[in-house]
Structures are given as C-alpha cells and as structure tokens.
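Please open the structure in your viewer and keep the selection tool at hand. The tour below moves from one selection to the next and says what can be found at each stop.

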Amino acid sequence: MVKLIVPRVRCIRFTSLRYFSAKSKAVLNDTVFTSISNNEIKYRHHPGVVIPRTPVFPQWAIKEIQSILKEKQIALKEIKESTKKLIHHLNKRHPPLEQHDLPAKFQKVEERLNINNHGEKILIEDIDFRKDRKSRIILKQNVYNWQPIHFDKLTSLTYLVGRGVQNYAVLHKIFNEIKLRDKDFRPRTLFDFGSGVGTVMWAASEIWSKTLKEYFCVEVSEFMIELSERLAKAAKPKIKEVFYRQYFPISTNRTYDIVVSAYTLFELPGLESRIDTILKLWANTNNYLIIVEEGTNAGFKVVNEVRDFVLKYANSKRRRESQFAHVFSPCPHDLKCPRFATDDTPCNLSVLYHPLQFLGGQQHKSELYSYVVLKKSKRPENDEQWPRIVRDILKRSNHTICRMCTNSGKLKEEIFTKYKHGKYMYRCARESEWGDRLPLHYEQQQENLEETETVSKTATENENTLNEEIKFH
C-alpha cells in the first residue's frame, strides 16, 4: 500500500494600489476666459487690473501751486530743502509709545548703559539726560520721541509741494478701483478727516464728478484750511458745497457715503485716541471707510490695527444693533493678515506718479502706501475674492512668478507657465502688476503619485489534512 500526502496549498493574491494627493490648481475665471478667447478684452485689460497705472496730477493744481509760491515769495531752493526734510521725517515716523511699553524700553536703555560698566550699576532714574550726551543718544535710539507736526504757513506749503502729488495719486487709484468694482455705487457725500490741502476732494471729484454734491472736511490747521479753500475754488471739475471744521463734530448722527482718513492717524497722541477716532468715523460711515498711511512698517501696523478693530467691533455677536463689515480692498478675505503674522515686511502697494516739473522732477517715481477699504455690509455671496498680487511680478523665460494674498488668508507663490496653466492664464499673470488682482480660483485636483503592484501571500490550509491513500493490492 502506498500513501500519498499532498502538502498545504499557498495562494498568491495580486493587489494593485494607487496613491493620490489633493493638489490645488489655479484656473482662470470662466467669464474672463470667454472674453479673451472672443477677443473682447486684451490680456493687459483683464478685470483684475487696477487702473490708471500712473494717475495724472491736475494741471489746474500745478498752476495754482506755482501762483501761491510766487505770491508768498518763496524761493524754489528753499521749498526743495524743506520738502526733503519733511518727507524724510514722514518716512521715519512712528506712532507715540504707549505707557505700558515704556518700562521695557527703559530697561533696554539701562542694559546698554551697563554693558561696559565695571563699577556700580547705573540706574536710569539717576541719569541726567540733558547733561549726559552718551545716555541721551542711547535713549533716542530706544525710546521714540513722538511730537505732532505743527502745520504753520511754511510747513503747510511744504506739505502741498512735497506730498500733494503722491497723496493725489494714491487716493485716485483707490477711488477708481471702488468705481470699477462697485458700478452701482453713486456717492453723494464725502467726509475727509484730516483733510489737509484737499487732495482727497480733488481725486473724488474727478471720479464721481456727476454725483458728489457735498464735502465735509475736518482739519486742525488754519493754514491748511486756507490753502484747501483756495485750491478748491480753482478745481476742475468744480468742487461743490465744501464745509470745513477744525474739530470733530459732536453729533455723529450724520452719515456719509465715503469716509476717509488719509495720512492722519499718526497725528493722534496714542492708541486710545486712535480707537476713539475710528469709532466716530465708523459711526459716520454709510458705505465705505478708507484708511491710508505711509507704506512703512509703522504705517502698515496702524492700518492693520484699524482693520482688525473695525472687523471685530462691527461683526461682534454681543452688539445689540446688527452691523456688518468686510474688507473690500486690498485683502480678498477678512481673516488675520498673513503678512503681519509671518514676517516683518509691511503689506504695501505701489503707485507711479510724475513729480512737479517746475521743481526739477523729470522722470516718474513710485510711492509706497498701506491702506484698507472697509465696506459697511456683509460680503456678497457672488464676490469673486480674487487673489491680490502683493509684490513685484518676476518675469522669467517661459514662466512668471506671482506672490499673492489669497482668500484663504494665506500668502501663496505661484509659478505660471503656458504648459501648466494655459496660454490665457499665463498671459494674464504676465501682464499684471503689483497691486492688481488675478481673475482666478483654485480647484482641488487629485494627482496620481504612485502606482505599484504588491504581492500578498496567504497560506490556506484545509481543516482536515488532505491525505489521499492509494492502496495497491
């Protein structure tokens, strides 16, 4: 008898596994894609472009400024030098220190004084800063001595000559974007806080010349008001119904379609004063509140302070009165500013302008500014929230690099190519500039990262051993 034993059987199963990753892809807006493909618009005129690139300073203003300087018998050399000093001061300016920040600053001063001191420890309360020059220098380096600018006759004229063109260019560009994006907005009233020589009025009267009927200006300096009144009379188109006050109105019941504070908040003595002013300005706002400051770190921080405060205040659920606010421009979102959270560089934009030729300005220059436009309403559901280009575009061979702020509240760097994004998207990015919006949205797409074939072995055994007995008799 022969006994045959069959061994246990090994089964082999082949399984194909795929690994996917969700990746966002920049896709051109459908309407823009159709318009470009039908030759209805050109790449450089896509709807995200903020125009004009270089606002032209009014000719009537140039002539009037020349006439004023002649009447006052001010030499061009004198006004040039005072202009340089004023602009330098404005670019280096910081808001006043708060009381709770002073102890830490004084501590730094004390540490600096004791670095190479091998004797008894120097205490800051024992120092006479008027006599000790070294200590005075260290104090100035660590503790900013804020002082309000006194706008007398010469300073007011200096500001008109040195800052009039830049301020006008900035406000003209901001107003023009509001007009282009909010086509149904037809303002009738404007409130200008810290109106200065009136550049806000000039720009607004050009953009909405047919609808704006009333301008309310608050300006502390009598000399600034005097200059503003004279320039307003010479304005073209004619500026109607201008009212001036030196101080903020007691009653806040009146609202205005546009409320502007341009290059003014640094003149206020502290955070409490700034917050109180912003509350009043917001109460006076019917549609748009616009805050503009220098494009420095200090200017950006003040603008961002206002942005965060108004959004938190207006959208607070604890408020009895229902009130809403959203950022119309430049941010495509209402979240925390990613620039403020990630690095020490300011979120600022640039505008080109032509300096006054009679002062020797031949070539155009650029002006950096930080701003926010807050609208007194909920963000519309159909708001595109296109990303804003926040730095100069880098144009390279066959590709373009854009640094953008997106509606997710994050900074994003995108490398656009024809192959990856298509001709239309690539050309729109290449024709855009710092400060423009890109008409795109991001779509989540699955990317096939890896496809492998794996072998899994499983041993199967019969419960009963397969024993086949073959018996030969």
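When two helices pack, the axis of each is a line fitted to its C-alpha atoms over the stretch in contact, and the angle between two axes, taken between N-to-C directions, runs from 0 to 180 degrees. Keep in mind throughout that this is a predicted model.

**The whole protein**

Begin with everything shown: the protein has 473 residues, of which 45% count as buried, and its secondary structure comprises 13 helices and 16 strands. About 27500 Å² of the protein is exposed, with carbon and sulfur atoms supplying 50% of that area. If you display contacts between residues at least 6 apart in sequence, 78% of them join residues that are at least 24 apart.

**Helix H6 and helix H7**

Next select helix H6, residues 153–181, and then add helix H7, residues 199–207. The axes of H6 and H7 are 8 Å apart and pack at an angle of about 35 degrees, and the crossing is right-handed. On the H6 side the contact includes Leu160, Gly164, Tyr168 and Leu171, while on the H7 side Val200, Trp202, Ala203 and Ile207 are among the residues that take part. Sorted by class, the residues of this contact are 9 nonpolar, 5 polar and 2 charged.

Stay on H7 for a moment and colour it by accessibility: 8 of its 9 residues are buried, so the helix is mostly covered. Those buried residues are Thr199, Val200, Met201, Trp202, Ala203, Ala204, Ser205 and Ile207.

**Helix H6 and helix H8**

Now hide H7 and select helix H8, residues 222–234, whose axis comes within 9 Å of that of H6 and crosses it at roughly 45 degrees. Because of that angle, H6 is oblique to H8, and H6 passes H8 in a right-handed crossing. To see where they meet, show Lys153, Ser156, Leu157, Tyr159 and Leu160 of H6 together with Phe223, Met224, Leu227 and Leu231 of H8. This contact has 7 nonpolar residues, 1 polar and 1 charged.

**Helix H2 and helix H6**

Keep H6 on screen and bring in helix H2, residues 59–71, which packs with H6 at an angle of about 150 degrees, the axes being 11 Å apart. How do the two helices run relative to each other, roughly parallel or roughly antiparallel? At this angle H2 is roughly antiparallel to H6, and H2 passes H6 in a left-handed crossing. Select Ile65, Ile68 and Leu69 in H2, and you will find them meeting Leu157, Leu160 and Val161 in H6. By class, this contact has 6 nonpolar residues, with no polar and no charged ones.

**Thr83**

From here, select Thr83, which has its place in helix H3, residues 76–91. Thr83 has a relative accessible area of 12%, and because buried means under 20%, Thr83 counts as buried. Setting aside residues up to four places away in sequence, Thr83 touches Thr158, Val161 and Gly162.

**Arg339**

For the last stop, select Arg339 in helix H11, residues 338–342. Is this residue buried or exposed? With a relative accessibility of 10%, Arg339 counts as buried. Apart from neighbours within four places in sequence, Arg339 is in contact with Thr345, Pro346, Cys347, Val390, Arg391 and Leu411. Leu411 lies 72 residues from Arg339 along the chain, and a distance drawn between their C-alpha atoms should read 7.4 Å.

Terms used: Residues numbered from 1 in each chain as written. Predicted model: local features only at pLDDT ≥ 70, side-chain atom pairs only at ≥ 80, totals over all residues. Heavy atoms only, no water. Helix = DSSP H or I, 4+ residues; strand = E, 2+ residues; numbered from the N terminus. Buried < 20%, exposed > 50% of the residue type's maximum accessible area, 1.4 Å probe, protein only. Contact = heavy atoms within 4.5 Å. Parallel < 35°, antiparallel > 145°, perpendicular 65-115°, else oblique. Left-handed = near helix turned anticlockwise from the far one by under 90°. Nonpolar A, V, L, I, M, F, W, Y, C, P; charged D, E, K, R; others polar. Areas by Shrake-Rupley, 256 points an atom, 1.4 Å probe, with all protein chains shown as cover.
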